[in-house]
Amino acid sequence: MGVFSYDHETTSPVAPARLFKAFTVEAPKVWPTAAPNAVKSIEAEANPSSGSIVKINFVEGFPFQYMKYQLGEHDENNLSYSYSLIEGGPLGDKLEKISYENKFEAAAGGGSICKSSMKFYTVGDNVITEDEIKARIKGSETVYKPLEAYLLANPEACN
């Protein structure tokens, strides 16, 4: 097994605290509403915590049916959280898992900066290229961009 690390930053006009809530505690409620062309439902325990499994079900016709994540730590004071994609989605037969550490920070001109550190754990001698990683990041925009638009259009959401 190989481990490939990649860091990525993206900006958003949405405040960091709202993005944090949209990606953590309010995700099961907000994602299917904000991204109905991608997310069918999210199955999570009533009070998910570190180690809990969350399943995201995608709509028919989406490139994959579901993804399962194992939650890591999340820190509401520092607006940071971690999780690992452990089943389904873009893992295919090449990746064992992908671990993520994300942090939302205030941007100088308003909005936020999302800093992500990712680790791709490959199966056997497989490798993952930077272009493949960038394609996976681009694919996640099918949820991220509609979620961002939803938060901008609904200022009361995730406050």
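1. Let's start with valine 123, whose contacts, leaving aside residues up to four places away in sequence, are Asp93, Lys94, Leu95 and Glu96. Valine 123 sits in the loop that runs between strand 7 and helix 3, and its relative accessibility of 37% makes it partly exposed. Glycine 92 is 31 residues away along the chain, yet its C-alpha atom and that of valine 123 are separated by 9.9 Å. Please keep in mind throughout that this is a predicted model.

2. Next, the cysteines. How many disulfides does the count give? The count comes to zero. For cysteine 114, the nearest cysteine sulfur belongs to cysteine 158 and is 15 Å away. A disulfide needs the two sulfur atoms within 2.5 Å, so the sulfur of cysteine 158, at 15 Å from that of cysteine 114, is too far for a bond. Cysteine 114 counts as buried, with 9% relative accessibility, and cysteine 158 counts as buried too, at 3%.

3. Cysteine 158 turns up again among the neighbours of leucine 151. Leucine 151 also touches Val14, Arg18, Leu19, Ala22 and Ala157, again not counting residues up to four places away in sequence.

4. Leucine 151 is also one of the residues with the most contacts inside the largest nonpolar core, which has 41 residues. The others named for this are Phe23, Trp31, Val39, Phe104, Phe120 and Leu147. Which element gives the most to this core? That is helix 3, with six residues.

5. Helix 2 covers residues 27–34, and its buried residues are Ala27, Val30, Trp31, Pro32 and Ala34. What lies over them includes helix 1 (16–23), strand 2 (39–43), strand 3 (53–58) and helix 3 (130–153).

6. You may want to look at the largest pocket as well. Its volume is about 1200 Å³, and 49 residues line it. Lying nearest its centre are Phe23, Trp31, Tyr69, Tyr81 and Tyr83. Note that Phe23 and Trp31 are also among the residues with the most contacts inside the largest nonpolar core.

7. Who supplies this lining? Helix 3 gives the most, with 11 residues. Elements that each supply at least two residues include strand 1 (3–12), helix 2, strand 4 (66–75), strand 5 (80–88), strand 6 (95–106) and strand 7 (112–122). By class, the lining has 32 nonpolar residues, 12 polar and five charged.

Notes
Residues numbered from 1 in each chain as written. Predicted model: local features only at pLDDT ≥ 70, side-chain atom pairs only at ≥ 80, totals over all residues. Heavy atoms only, no water. Buried < 20%, exposed > 50% of the residue type's maximum accessible area, 1.4 Å probe, protein only. Helix = DSSP H or I, 4+ residues; strand = E, 2+ residues; numbered from the N terminus. Contact = heavy atoms within 4.5 Å. Core = buried A, V, L, I, M, F, W, Y, C linked by side-chain atoms within 4.5 Å. 1 Å grid on protein atoms, 1.4 Å probe; cavity = no way out; pocket = protein on both sides within 12 Å on 5 of 7 lines; lining within 4 Å. Points joined across faces, edges and corners; volume = space filled by probe spheres on them. Nonpolar A, V, L, I, M, F, W, Y, C, P; charged D, E, K, R; others polar.
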